[in-house]
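The following exercises ask the student to read a structure step by step. Each task is followed by a worked solution.

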Amino acid sequence: MTFLLRQISRSAEGREIVRSSRVEGDRLTIGRGPECDIHLTDLAVALHHATVERTGDRLSVRTEKGLYVDLNGRKATEGSFDLPAGGDIRIASHRIRVLPAAAGAEVAIDISRVEEAGSKDRSAGMFSLTSVMPSKRAAAWALIAVVLAVFLAWPIKGYIDRQQEKEAVERFHADEMWSSGKLSLAHTALENDCQACHVRAFEAVTDAACKDCHTGIHDHADPFRLARAQPGLTTWGKVELAFKETFDIPPGRCVECHTEHEGATQMAPTAQRFCSDCHATLEEQLPDTELANAGDFGTAHPEFQPAFITRWDGDRPVLGRASLARNPREDSNLKFPHDLHLSKTGGVAQMARRLGTDFGFGDALVCKDCHDATPDGVRFQPVNMEADCAMCHSLAFDRVGGTIRTLRHGEPEQVVADLRDFYRSRSPAPRAGATRRRPGQVGRAFGSVGAVQAIRAVFSQGGACYDCHQVVAPPPGSLAFDIRPVAFPVRYMHKGWFDHKPHETEECTSCHLAEKSGAASDLLLPDLASCRECHGGESARAEVPSGCAMCHDYHMDEGAPSMLIRQRVGGKKKDTVIADTATLRRAAAERR
Amino acid sequence: MASRGISRTELKDGVSHEGFLRHKRFRWLKITLGLSLLSLLVYAFTDVQPRHNGGSWLGYTLGTIGALLILWLTLLGLRKRAMTSGRWSLKAWTSAHVYLGLSLIVVATLHTGFQFGWNVHTLAYALMMLVIASGVYGISVYATLPQELSDNRAEMTKPQMIDAVAKLDRQLQVAAQPLTVGDTEIVSLSLDDNVFGGGLIRRLSGRYPRCGTARALRELQQRLAVSSGREAEALETVTNLLERKLAALDRIRRQLKLRAMLEVWLYIHVPVTFALIAALTAHIISVFFYW
């Protein structure tokens, strides 16, 4: 038997070079060793790699221990094939092609070297990064899909899901990813529920959404007057308005001032300009307004116009307003000279020293001896005769055993009756100059003379009532004296907020000129100039720069302005409470 | 070459070449500085209550400018496929692309009003900044690396570099024939090396710790030290060849590293640009959805 071996190689130009040799016998050895019949120079080939043996018309291949060949495309350690069909053996980079041969004929074998398929594509293009990176286009499409799915489709689904829920469920809603910032502290609870405010898609937040919760809020003024009060629109303002009209955003919405998603903070204090834009020139914008122009507390603010009792309608006090500049007088129906009571010398001071141990007075009376702050310190309790005056101003007129009888305060007819009774019940002891009683005469005449004099004395100059009160003289022949009712407002400034508490560091008399006041009709309120000693406008260099919002509120009510609420009392809306003065005094005494 | 676009070279006939950065005496740099300065001034002198944000009139204006700029900048990808000259030459486009792209840093940052959070809006901003940063990197490598690439090639073409290695491989095959089975296996380590086999990290770092040629060289040098006679001669020939192959490989690998550094930024710049456009779409729709 013969094998015809054809070693095929290629020249540099690609020309085929064939070297043929014949091997007699049935066996062929394959390997890198020079003694092998088929000599392969590839280092990946063992010195003796495999043996090929012909048996009849079959050719079998067997490798040495631990070695492999590629037989007809399969990795094998041994195998065989029919010679008439031919076969293909690969070892490393060599291809040994057994050509089909008839039974008994010579077997031709082509031996050639092939580049390993696909493994070493060494073209110049391999230098580019494209050969090892995924395509940019594919990456771009993938990223587009991910971003749109996660940040657009998912939130829209969150919106639709929320539409199905009656109440926002406490869970992550994907539309939260659209939130441009944390909500203010007041709205923290809504962080999870975009649609509490953004009710409908592509519709700007409406006031209705705000008023769902803020039911008590009211307009600053009539909307039409408000609109007219706006300073003339600049060109830019008109552009802005046109823009808003184009996109169907009504002007003057809550959210124009109350911006959200600005971070988890409190609402910023209202800037002075916010008010002064309209109020600085309000008289020009709204000629019929009763409000004077106000642009800056330090430089452009009208004198205070407190509400005080200007006159009486019968027994009903009538409040009126007047500028403090006009030095208005209050008609309280009380006679009370502050100067006398605060004097460091004289009778009042002496009495204070005498009663000091009982009532905690000092060397002379001071304001707090009669005036008590309300529990929150904002204002003062109404002055009360029994609690605040009676320590000195005794209404005692008799002593029965150990009990002192006093005239009844606030009930003039009872005073008259009590005095009559006092004189009637006394023993008709003969008094010097008294008329002798004749039989048949009732003791009345005798007693009544003293009573009448005493009653008249009480209600007349120098008497207990007259010193403090306006006495209404009785009709001739009658003793039906009456006292005009006394009243004081608890609050003088209804449109502005004043809190005494933060002013505690000041002496009362540095604002209220009580030491120089000789009559209760003096309105002892500090005027604008007095306040301006410390307070200036928002950007003033004053000790206390004060924007409008320190005293006034846009959505004004009886309570403290929102800015102070947020800054001082932890967000709780509040108004001053008047307490029982006696209770307050007891509590204060206990604390001492 | 891109490198030619950067430096200003005097050509023989006196026609000066102007790179895209210097195009028309920095025309687009000036426009960019003007736009940025204008934005900064308007931002500084506009009183937005309670603080600057994307929803004020200034915010909308800056946002619109920014979005249009992003779309226009993206169009360079289309424009670059058609090279023309003149006023709207590709060079002019590229110059404008680079400088207006940088102006986005100012315009878009002012648009945010410095309000950032974990949301789609900041996502769009972050993607934009990533694209800009990768672009800045691209400019910087285009300015320096082409020269290095050219130096590294030492007048060789890429196929020549590959051929040099292939030639050495063939010589190794022959030279290794007298070696023992164990030694030939070591030589095979080098022959099996695929110089283009490493991934992105290998290419960028230029470090191939499992390089078969280096390992074969190390081991055969140790063998050489303890061998003698004909074996030593054969080993010496093989180690010399391995040393030369290692040098040839190093040249290719430096080339690969430089090419990778030159190209890698585009794999961020381009796909992230499209991610940015998607995020921008979501940003704009969401703003008006919850208006």
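**Exercise 1.** Determine how many residues each chain gives to the contact between chain A and chain B, and which elements of chain B take part.

*Solution.* The model is predicted. Step one is to count the residues on both sides: chain B contributes 49 residues and chain A contributes 42 residues. Step two is to assign the residues of chain B to elements. Those that give two or more residues to the side touching chain A are helix 6 (120–153), helix 7 (158–175), helix 8 (181–191), helix 9 (200–205), helix 11 (229–264) and helix 12 (266–289) of chain B. Step three is to find the main contributor: helix 12 of chain B gives the most, with 15 residues. Step four is to sort the side of chain B that touches chain A by class, which yields 30 nonpolar, 14 polar and five charged residues.

**Exercise 2.** Describe the secondary structure of chain B and state what share of its residues is buried.

*Solution.* First, count the elements: chain B has twelve helices and zero strands. Their order from the N terminus is therefore α throughout, because only helices and strands are listed as elements. Next, consider burial: of the 291 residues in chain B, 32% are buried. Finally, examine the contacts within chain B between residues at least 6 apart in sequence; 74% of these join residues at least 24 apart.

**Exercise 3.** Establish the strand order of the seven-stranded sheet in chain A and identify its edge strands.

*Solution.* Begin with the order, which is 2-1-12-11-10-7-8 in an open sheet with mixed pairing. The edges are strand 2 (16–24) and strand 8 (74–76) of chain A, each of which pairs on one side only. Neighbouring strands of this sheet are turned against each other by 25° on average, direction ignored. Now take one pair from the order: strand 1 (residues 2–10) and strand 12 (residues 107–113) of chain A are parallel and share six bridges. Within this pair, Arg6(A) lies opposite Asp110(A) of strand 12. As a general point, strands of a sheet pair through backbone hydrogen bonds, either parallel or antiparallel.

**Exercise 4.** In which sense do strand 13 and strand 14 of chain A run, and how many residues lie between them?

*Solution.* Start with the pairing: strand 13 (residues 307–313) and strand 14 (residues 316–321) of chain A run antiparallel and are joined by six bridges. Then locate a facing pair, Arg311(A) opposite Val318(A) in strand 14 of chain A. Lastly, inspect the connection: the two strands form a hairpin with two residues between them. In the turn, Gly314(A) has a positive phi of about 65°.

Key
Residues numbered from 1 in each chain as written. Chains lettered and ligands numbered in written order. Predicted model: local features only at pLDDT ≥ 70, side-chain atom pairs only at ≥ 80, totals over all residues. Pairing = 2+ DSSP bridges. Helix = DSSP H or I, 4+ residues; strand = E, 2+ residues; numbered from the N terminus. Axes fitted to C-alpha atoms, helices over the stretch in contact; angles between N-to-C directions. Buried ≥ 20, exposed ≤ 12 C-beta atoms within 10 Å, placed from the backbone. Contact = placed C-beta atoms within 7 Å. Nonpolar A, V, L, I, M, F, W, Y, C, P; charged D, E, K, R; others polar.
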